[in-house]
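Trainee: Please show me the model, and then let me ask about the words that are used to describe it.

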Amino acid sequence: MQRIGVFVCHCGSNIAATVDVKKVVELVRYEQGVVYADDYMYMCSEAGQQKVMEAIKEHNLTGLVICSCSPRMHEATFRACAAKAGLNPFMVEIANIREHCSWIHKDMEEATKKAVILARAAIAKVNLNTPLQEGESPVVKRALVIGGGIAGIQTALDIANAGYPVDIVEKEPSIGGRMSQLDKTFPTLDCSSCILTPKMVEVAQHPNIKIYSYSEVEKVGGFVGNFEVDIRKKARSVNEDKCTGCGVCQTKCPLGKTGKIPSEFNRGLGTRSAIYTPFAQAVPNVPVIDRENCTYFKTGKCGVCAKLCPSGCIDYEQQDQIVTEKYGAIVVATGFDIINLDKYDEYAYNTCPDVITSLELERLMNAAGPTGGHLLRMSDGKAPKDIVFIQCVGSRCADDRGKPYCSKVCCMYTAKHAMLIKDHWPEMNVTVFYIDVRTPGKNFDEFYRRAVEQYHVNYIKGQVGKVMPQADGSLIVQGSDLLDGKQIKMKADMVVLAAAVEPNKDARKIASMLTASIDNNDFLTEAHAKLRPVESPTAGIFLSGMSQGPKDIPETVSQAGAAAVKVIGLLAKDKLKTNPCTAKCDMFQCNGCSTCANVCPYGAISYEDTLVRGPGVNETRRIAKVNTALCQGCGACTSACPSGAMDLQGFSNLQIISEVDAICR
Amino acid sequence: MQELKNRLIQLISDGTVARVIGWKKGDMPYNPEPACFSTVEELEDFVYDGFCGANLSKMMIEVANLEGKTAVCLKPCDTYSFNQLIREHRVNRENAYIIGVGCRGKLDIEKARKAGIKGIEAIEGVGIEGEGDVTFKTIYGDKAMAYSELLLDRCHVCKGKDHMVYDEVIGESKDTADSDRFDDVKKIEAMSSAEKFAYFQNELSKCIRCNACRNVCPACSCRKCVFDNTKFDSQQRANVDSFEEKMFHIIRAFHVAGRCTDCGECSRVCPQGIPLHLFNRKFIKDIDDFYGEFQAGKDPEAQSPLTDFTFEDLEPKQAVGRGEN
């Protein structure tokens, strides 16, 4: 028989304003097993914890129910408090009467009733709780960063500088990410590659960093401190160790001159050869052969690159390679792309080459871009006179064509584009259609105001309804001016769309592999929106950059550093406490059917021929066995087991049923 | 049938197998029962005809660890269940000698009763080799019915005439499918929530908790059923009230989901005539819709979609809202 103490927290007025805490105390006092019940203003405060510890000693309590906020907030607090008073920490249960009750209800009577029900469920569970002991597992002191953009680069550098080895997996042939495609950066207008390239070089030369470029994460096993990851190194067809990066292969590739293969790096505005590095400052500076387009791979003829390569590093036979490596922590820095604009026919993006996205404009304005930095129309190669920018294309979108969120960077980069254009070509007319101009951030509003006040960029509050290509090659932009209450028709030579950002297409797949949670927009979810913004709820998984939500470069770099600190904090430990809430098999009920092993994401279940002896049985059976070092207590096996032989310690079927029964009583 | 019987006698006589699992004559001509034969003499009572609908694969669990091989007579559809049991490590393939027996559809005596046939003394034309009508010799004279009219409902959605696993095949089989397997499910899907509830309320209220469905089901092969387990406070709950009674059938359907081969035994043995297979078939239809067509027991090596994960699997949000009307 348990001796349970129930402690009801007011949480100031957070709970007490909606729940009659005194009444809760009175109503749960006579529940089975309860020997003590009390309330307090702030249970989590030092005085509150003192009260709990005193009650444990005075009333010889064997179990605690704390009616307070979410266990995610203070379960650890009260477990530690119980342990201090000599109670097993797993004899503590939290009834969440704040997030699940007081915060979401208005009616005091109803909320009080619900609080009592939630408390009863927790009491019913504690009646069945048993003391559990935490185990220990070692920490592999190596980190994996998925994605080699500025977020991944910064995280890797910070971890490596703390003395821990880091691997970066980048699916493109070079690290650098989106930032390497940008021309200038706001709000200082310094050249993107000028600030990024030194970091890329630092990564390449860092003794603690290893880059797996042109590689993808294929499989993730294990758990915090002990991940085992399969990395697929895609066949580059070039020997990385021998290649000197001289570039002869790229200049001589016959397909380079045909202009048939669009360059991904230049967003399809320029072309590349079949053997290529995406851009001049690529790290590693080793080309790859695009096997889909290469003449040798298509017809078996050509082989020019192999003939001309001075170091003999072309290897047409190279195969994909799987590298398996162990890591203590994994950082997701998979970045973003911009949305596909197929659903926005009204802007004529797919039909008119002079309607471009902002990212394409970055390439057009870059000295290393397809036009050598001259702003020219893609249709006729002429310089435009009138440029119209359209904001929020797919951002803050109410329907399912776009995204509900604000992409955050567009207002600022559009102000940047407008100013750069006015600076180079003062005679050009620049117009920006916007819903709102959002410029929170250090020196951001000043930056935007410079565009309006000094450069006289024509900002029009209103949305564009239609972009109509004309027979003479120009465009008519039809929009509304909300401040003047007028419909506008305006001639333009070029239209630039601020397309919404979206997480990298692989984010969902990677999140699934990591069992990390992800939201409806495919951004990875943080463990706590405010207090744990760089950690995934999945232990050992950290978030860096746009994969977590829209953000600009300074924010990305700060977050990358924060993620690195969390990783360093983890890797600095020699051992981690393991969760004692692991699965356990009852050999008398086990059918040996392997269902549990099939669903176990951690490979923690094996089968052994075991002698089963008990009332009426004495035979060898095929029985499931749980490796508690691998088991993470997810409970998949317990719900899949047809006979109910598998049970989760701390969350047994009986405990859960008794909670449900208490709620339904 | 004689060929089959002779072969079984031979297998026992020459020591190839230690026992045979088949059917023996019942007290009526239409109710042969599953039986285990260990001697040639016992095999005298062996019978195999159109009324031998019972799926014998589940009986192989009990003999899995016995000394010597066991021969078992499996119809094409029964072999799916056997394969599923192989996958779940419940039967011992090495210890089994599977005789794939021919089948031209199995018969439902209720169909004859519904046609007003009573006082049956003998039945002709139900042999496995036969063609043509079935003749009932009754105390009121001879009555004839077409073989196809007497088929069990499940045989109208026959899975095919091929045995999925066997050591030898004796007799010809016939694919008796003449309607769509999911027609009945679709009819129920088209109902409103209230109509569905009323329909199942009515059907399940007939349940007398005899456990025949559970005991016959090859997927319900747990050493100890959760409904009998003292560990969960769930034993005898199904007897408590009509709500728990319904939960019994729904929970049972969940427990066999992804493993049920749709052998139809649950509905065949239900003394109250509850169409229990509809639950299972709804799950099968959903699994097919969600994860691509899957037939449990077709291949003992194949991963079941419900216990396997691929990146192409649909997300919960894609499934939410289906079937609402």
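Trainee: What makes strand 4 (residues 96-101) and strand 8 of chain B a pair of strands?

Mentor: Strand 4 of chain B is joined to strand 8 of chain B by three bridges, and the two run parallel; two strands pair if DSSP finds at least two bridges between them, so these strands fulfil the condition. Strands (E, at least two residues) and helices (H or I, at least four residues) are DSSP runs numbered from the N terminus. Within this pair, B:Val101 stands opposite B:Ile170, which belongs to strand 8 of chain B.

Mentor: Before we go on, note that this is a predicted model, in which local features need pLDDT of at least 70 and side-chain atom pairs count only at pLDDT 80 or more, while totals for chains, interfaces and linings use all residues. Residues are numbered from 1 along each chain as its sequence is written, and chains are lettered from A and ligands numbered from 1 in the order in which they are written.

Trainee: Why are strand 2 (33-37) and strand 8 (168-170) of chain B called edge strands?

Mentor: These two strands each pair on one side only. They belong to an open sheet of five strands in chain B, with the order 2-1-3-4-8 and mixed pairing; from one strand to the next, the twist averages 30 degrees.

Trainee: What is the pairing in the open sheet of four strands of chain A?

Mentor: That sheet has the order 2-1-3-4, and its pairing is parallel. Its edge strands are strand 2 (34-40) and strand 4 (92-96) of chain A, and neighbouring strands are turned by 15 degrees against each other on average, direction ignored. Strand 1 (residues 4-9) and strand 3 (residues 63-68) of chain A are joined by five bridges, and A:Ile4 has A:Gly63 as its bridge partner in strand 3 of chain A.

Trainee: Why are helix 1 and helix 5 of chain A described with the word they are given for their orientation?

Mentor: Two packed helices are described by the angle between their axes and the distance between the axes. The axes of helix 1 (residues 21-28) and helix 5 (residues 108-126) of chain A come within 9 Å and cross at roughly 40 degrees. Angles run from 0 to 180 degrees between N-to-C directions, and axes are lines fitted to C-alpha atoms, for helices over the stretch in contact. Angles under 35 degrees count as roughly parallel, over 145 as roughly antiparallel, 65 to 115 as roughly perpendicular and the rest as oblique, and helix 1 and helix 5 of chain A are therefore oblique to each other.

Trainee: Which residues bring helix 1 of chain A to helix 5 of chain A?

Mentor: A:Lys23, A:Val24, A:Leu27 and A:Val28 in helix 1 of chain A are in contact (C-beta atoms, placed from the backbone, within 7 Å) with residues of helix 5 of chain A, including A:Thr112, A:Ala115 and A:Ile123.

Trainee: How many domains does chain B have, and how far apart do their centres lie?

Mentor: Chain B is divided into domain 1 (2-106 + 160-170) and domain 2 (183-319), with bounds that come from an automatic or database domain assignment. The C-alpha centres of these two domains of chain B lie 26 Å apart, and 16 residues of domain 1 are in contact with 13 residues of domain 2.

Note on methods: Contact = placed C-beta atoms within 7 Å.
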